[in-house]
2 protein chains.
Amino acid sequence: MADNIETLGHEDIYPINKDGKEQTRAFLMKVVEILLEYIDEENDRKSKILDFKMPEELEQILDLDIPQKGLPLGQLLKDCRSTLKWQVKTGHPHYFNQLSSGLDILSLAGEWLTSAANTNMFTYEIAPVFILMENVVLKEMRKFLGFVHGDSILAPGGSLANMYALMGARHKMFPNYKKLGLKALPQLVMYTSIDSHYSAMGAAASCGLGTDNVIQIDVDEIGRMRVDKLEEAVLATKARGQVPFFVNCTCGTTVVGAFDPIIPIAELCQKYGIWLHIDAAWGGGVLLSKKHRRLMEGVERANSVTWNPHKLMGTHLQCSSIHFKQDGILLGCNQMCAEYLFQQDKHYDVSFDTGDKVPQCGRRNDIFKLWLMWRGKGNEGFEQHIDHLFAMSDYLVQRMKEMPEKFHLIQEPEMVNVLFWYIPERLRDQPDTKERNAELGRITAQLKARMMTTGSLMITYQPLRHLPNFFRNIVSNAAVKKEDIDFLLAELDRLGHDL
Amino acid sequence: MADNIETLGHEDIYPINKDGKEQTRAFLMKVVEILLEYIDEENDRKSKILDFKMPEELEQILDLDIPQKGLPLGQLLKDCRSTLKWQVKTGHPHYFNQLSSGLDILSLAGEWLTSAANTNMFTYEIAPVFILMENVVLKEMRKFLGFVHGDSILAPGGSLANMYALMGARHKMFPNYKKLGLKALPQLVMYTSIDSHYSAMGAAASCGLGTDNVIQIDVDEIGRMRVDKLEEAVLATKARGQVPFFVNCTCGTTVVGAFDPIIPIAELCQKYGIWLHIDAAWGGGVLLSKKHRRLMEGVERANSVTWNPHKLMGTHLQCSSIHFKQDGILLGCNQMCAEYLFQQDKHYDVSFDTGDKVPQCGRRNDIFKLWLMWRGKGNEGFEQHIDHLFAMSDYLVQRMKEMPEKFHLIQEPEMVNVLFWYIPERLRDQPDTKERNAELGRITAQLKARMMTTGSLMITYQPLRHLPNFFRNIVSNAAVKKEDIDFLLAELDRLGHDL
């Protein structure tokens with residue numbers, strides 16, 4: 001049966017062919033074989049991360065067309081192979097490009113089961129086990145936040161989690177906006193650091209606050225929000241007759257990995273009656289480590305916290321969470337009481353139907369992978385994971401310091417973001433001037449292009465404030481070992497020395 | 001090696017153990033075996049859909065705790081089995097409960113590959129193949145909408161897709177709101193039918209419009225928006241000095257499956273300069289059928305359309321899309337130009353970086369499963385799929401009409417939503433009065449409880465307008481055959497005749 005699977009079509013397998021057991025199994029096993037080969041290749045340090053093609057070239061190489069008649073299963077298997085061949089291996093140990101990287105196998109197994117179960121998280125009726133799991137895991141996360149009661153939900157990404165926080169704050173402080181709209185309220189103003197994630201601005205635009213009403217607060221020399229400047233801004237808002245209502249305190253800024261000082265910000269929020277939101281989408285994972293959780297000292301004083309397990313914790317994309325210290329806000333804010341879904345006369349306790357807590361209706365199951373991973377690693381395994389990432393990042397910094405002629409470390413990192421310029425041979429005797437650094441900025445983009453075309457290494461870059469382009473290296477993949485850091489340094493030198 | 005896999009831990013497989021190839025493979029193969037068994041059981045009509053337990057019972061049965069030390073892989077495999085044992089089989093041919101149902105095997109294979117590739121859809125840099133696929137598939141969808149140019153994106157669910165439409169309309173009509181906020185605009189008013197999805201209200205609350213500024217328009221006897229009432233409401237808004245700006249026209253209402261009349265609504269929107277959004281989250285799939293696409297005649301006149309492949313088309317949860325007739329709106333509305341991600345000096349054409357088109361930052365890969373499915377089914381296969389769902393639904397209606405003593409059909413369906421009461425023996429000689437129907441409403445909830453505890457059948461129910469609870473049957477699973485419809489009817493009678 002499995003011999004001729006390649007010539008069969010979609011109508012020969014489940015669900016259309018109810019007797020398609022063997023054919024379905026044979027097809028899926030062939031898919032799994034392709035995936036296992038991909039995973040092996042990804043974990044093989046000699047393999048390339050990507051085989052880069054320009055968009056117009058790749059469009060020529062790939063056959064992406066939607067056909068009139070369905071293609072045989074054999075063609076679909078070829079499609080799977082070809083997709084993976086041209087895809088970037090985000091779990092490769094030499095991929096240091098994004099905050100999310102790595103391929104955790106427990107999380108992967110979780111995603112495979114999740115898609116076989118294919119349910120929607122809005123009611124206990126159709127997702128009983130997953131709803132209970134979500135309760136357990138989110139409660140565990142709140143424990144790490146020091147939230148004794150509170151309420152949480154998984155959201156589709158950290159940006160929307162931050163938006164849900166803004167909406168929750170608005171609801172708690174001005175419950176009539178839901179009915180009357182923003183025009184009935186005084187002008188609300190929010191505060192976030194200039195280094196914070198762009199989703200703070202995005203949420204303000206989406207929710208109708210207006211980006212002019214997001215005050216961007218200066219940061220200190222290592223990228224943390226300046227509390228004195230925050231207080232000045234709050235007073236200025238009040239002087240204008242507007243209402244300071246929301247401070248977005250970032251724990252783990254996107255580029256620098258800086259932690260805004262929670263405790264003085266919390267004091268200030270308390271003094272002026274402002275909602276304190278912590279965007280720990282990136283940094284939240286440090287809470288799992290006894291050694292590193294000091295970076296978030298005072299987190300229990302927040303009103304809400306965003307924390308993305310799909311970043312530092314290595315869970316699959318996507319897995320984002322939003323937590324509130326006070327219970328009931330999510331439901332109060334978002335509840336629309338659709339009778340077709342949240343019937344109140346069901347025969348079970350309908351407080352387990354969580355769908356009305358979010359502005360989404362359908363909610364993807366993002367919990368199983370995280371739960372399975374946590375079962376397999378335990379709190380200790382996650383702690384070791386976080387400590388390992390920091391240790392590898394420290395090792396990189398130490399190695400760079402041993403080669404100051406080749407690597408210009410931009411600042412001492414607080415987290416696993418390591419910011420640096422690579423210095424090619426011709427610039428090694430130059431002093432640290434604005435002109436040299438501008439040239440290093442140009443080289444950064446050129447070196448990245450060489451990485452992409454070679455396919456051996458990926459590290460992202462960006463400008464920041466007064467600084468021209470520089471590299472931001474991220475270690476967030478459990479696969480990374482000292483030998484990978486050594487490779488990173490050597491490969492930068494090999495690719496860039498003559499630039 | 002595979003023999004002792006059960007006693008190994010997460011540190012013995014990839015990515016921590018770089019030599020863990022055989023162990024990783026053995027673990028994942030055991031997971032796949034569990035999933036294949038589940039899929040076989042789901043496709044076995046003799047199996048139960050669910051083994052219902054009350055939340056407090058299920059909490060006792062399951063061990064969901066997060067451990068201090070990681071559990072061995074053998075325990076995780078047990079956890080997978082146990083999760084599936086207590087989960088609802090949403091792909092079972094006798095699960096008629098939700099708009100999304102079924103387990104398409106191509107889509108499943110797509111999800112498995114998606115999770116192995118584990119990337120983020122924000123840049124071509126890290127998702128080259130998937131970005132190109134998204135372009136191809138969304139262009140194909142726009143072809144079915146009759147949008148010659150335009151722009152589209154996949155969104156995390158239909159509710160947020162509708163919100164993105166509202167935000168796009170607001171941006172197009174009042175570009176300065178992004179900077180200044182809603183307080184700088186006149187009061188905007190939107191319109192939606194009383195039968196439309198609650199996400200219209202939700203979007204108005206979230207975006208700061210206020211639910212009081214959503215005018216709910218009456219429907220005709222079969223659930224379609226009344227255009228005369230819509231015009232009255234628009235005139236009343238103008239008389240109040242407010243601005244009518246957005247009509248939400250539903251194609252496929254959630255309960256009834258009704259199609260608001262697009263053409264007269266489009267005429268009215270044109271007359272008054274109002275944005276026409278079509279919420280075809282549920283109904284959009286009819287466009288794929290030459291026979292049924294007449295239900296959406298005039299769709300090309302919309303400014304924006306929501307269409308969820310995860311509903312009628314049977315793609316995995318989640319897969320939702322939003323389409324705009326005019327290009328550039330998504331980017332104009334949501335762009336925040338984060339320099340760390342959307343560097344303009346990359347070495348490729350950065351118009352392929354789509355992340356700045358949405359208020360999310362990270363964007364899950366929801367395209368591959370849909371693309372793979374479409375390759376395997378082709379346009380013809382999707383057309384047959386849609387026609388089959390309608391045919392099975394028609395068959396259900398015909399059979400019910402043959403047994404009017406047992407089944408009270410509430411109205412002739414436009415789509416695959418079949419609305420009915422089951423009539424138990426003691427009420428079969430009663431006239432069709434308000435009192436009898438109130439009693440049938442009570443019986444509906446009781447009969448649903450019996451279905452849940454028996455586990456043989458699932459159909460949802462709800463009240464609507466003046467009607468007490470009634471069943472809403474949905475055929476959206478390609479697995480459903482006439483024998484399953486016959487079973488449905490017989491099982492309702494077996495479970496309910498003595499109620």
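Two strands count as paired if DSSP finds at least two bridges between them. Helices (H or I, at least four residues) and strands (E, at least two) are DSSP runs, numbered from the N terminus.

This is a predicted model, where local features need pLDDT of at least 70, side-chain atom pairs count only at pLDDT 80 or more, and totals for chains, interfaces and linings use all residues. Residues are numbered from 1 along each chain as its sequence is written, chains are lettered from A and ligands numbered from 1 in the order in which they are written, and side-chain values use heavy atoms, with hydrogens and water left out.

**Exercise 1. Find the bridge partner of T306(B) in strand 8 of chain B, then place the strands in their sheet.**

Step 1. Grab strand 7 (residues 304-307) and strand 8 (residues 320-324) of chain B; they pair in the antiparallel sense over four bridges.

Step 2. Look across from T306(B): its bridge partner in strand 8 of chain B is I322(B).

Step 3. Now zoom out. The open sheet of chain B has seven strands in the order 2-8-7-6-5-3-4, and its pairing is mixed. Strand 2 (151-155) and strand 4 (214-217) of chain B are the edges, each pairing on one side only. From one strand to the next, the twist averages 20°.

A quick reminder: strands of a sheet pair through backbone hydrogen bonds, either parallel or antiparallel.

**Exercise 2. Work out which helices pack on the five-strand sheet of chain A.**

Step 1. Lay out the sheet. It's open and mixed, with the order 1-11-12-10-9 in chain A. The edge strands are strand 1 (95-96) and strand 9 (407-409) of chain A, and each pairs on one side only.

Step 2. Check a pair inside it. Strand 11 (residues 458-464) and strand 12 (residues 467-474) of chain A run antiparallel and are joined by four bridges. Q462(A) has F470(A) as its bridge partner in strand 12 of chain A.

Step 3. Add helix 13 (residues 434-454) of chain A, which packs on the sheet and touches strand 9, strand 10 (417-422), strand 11 and strand 12 of chain A. Contact here means heavy atoms within 4.5 Å. The direction of helix 13 makes about 45° with that of strand 12 of chain A. For directions like these, axes are lines fitted to C-alpha atoms (for helices over the stretch in contact), and angles run from 0 to 180 degrees between N-to-C directions.

Step 4. Add helix 14 (residues 482-496) of chain A, which touches strand 1, strand 9, strand 10, strand 11 and strand 12 of chain A. Its direction makes about 25° with that of strand 10 of chain A.

**Exercise 3. Sort two helix pairs of chain B as roughly parallel or oblique.**

Step 1. Get the cut-offs straight: angles under 35 degrees count as roughly parallel, over 145 as roughly antiparallel, 65 to 115 as roughly perpendicular and the rest as oblique.

Step 2. Take helix 9 (residues 227-239) and helix 10 (residues 262-272) of chain B. Their axes come within 10 Å and cross at roughly 15°, so helix 9 and helix 10 of chain B are roughly parallel to each other.

Step 3. See who touches whom. Among the contact residues, V227(B), L230(B) and V234(B) sit in helix 9 of chain B, with I265(B) and L268(B) among those in helix 10 of chain B. The contact splits into eight nonpolar, no polar and three charged residues. (Ala, Val, Leu, Ile, Met, Phe, Trp, Tyr, Cys and Pro count as nonpolar, Asp, Glu, Lys and Arg as charged, and the others, Gly among them, as polar.)

Step 4. Now helix 6 (residues 158-173) and helix 8 (residues 199-206) of chain B, which pack at about 55° with axes 9 Å apart. That angle makes helix 6 of chain B oblique to helix 8 of chain B.

Step 5. List this contact too: S159(B), N162(B), M163(B) and L166(B) of helix 6 of chain B meet S199(B), A203(B), A204(B) and S206(B) of helix 8 of chain B. By class, that's four nonpolar, four polar and no charged residues.

**Exercise 4. Locate the backbone oddities at P15(A), Q318(A) and N118(A).**

Step 1. The Y14(A) to P15(A) peptide bond is cis, with omega near -5°. P15(A) lies in the segment before helix 1 (21-42) of chain A.

Step 2. The L317(A) to Q318(A) peptide bond is cis as well, with omega near -5°. Q318(A) belongs to the loop between strand 7 (304-307) and strand 8 (320-324) of chain A.

Step 3. N118(A) has phi near 35°, a positive value in a residue other than glycine. You'll find N118(A) in the loop between helix 4 and helix 5 (128-145) of chain A.
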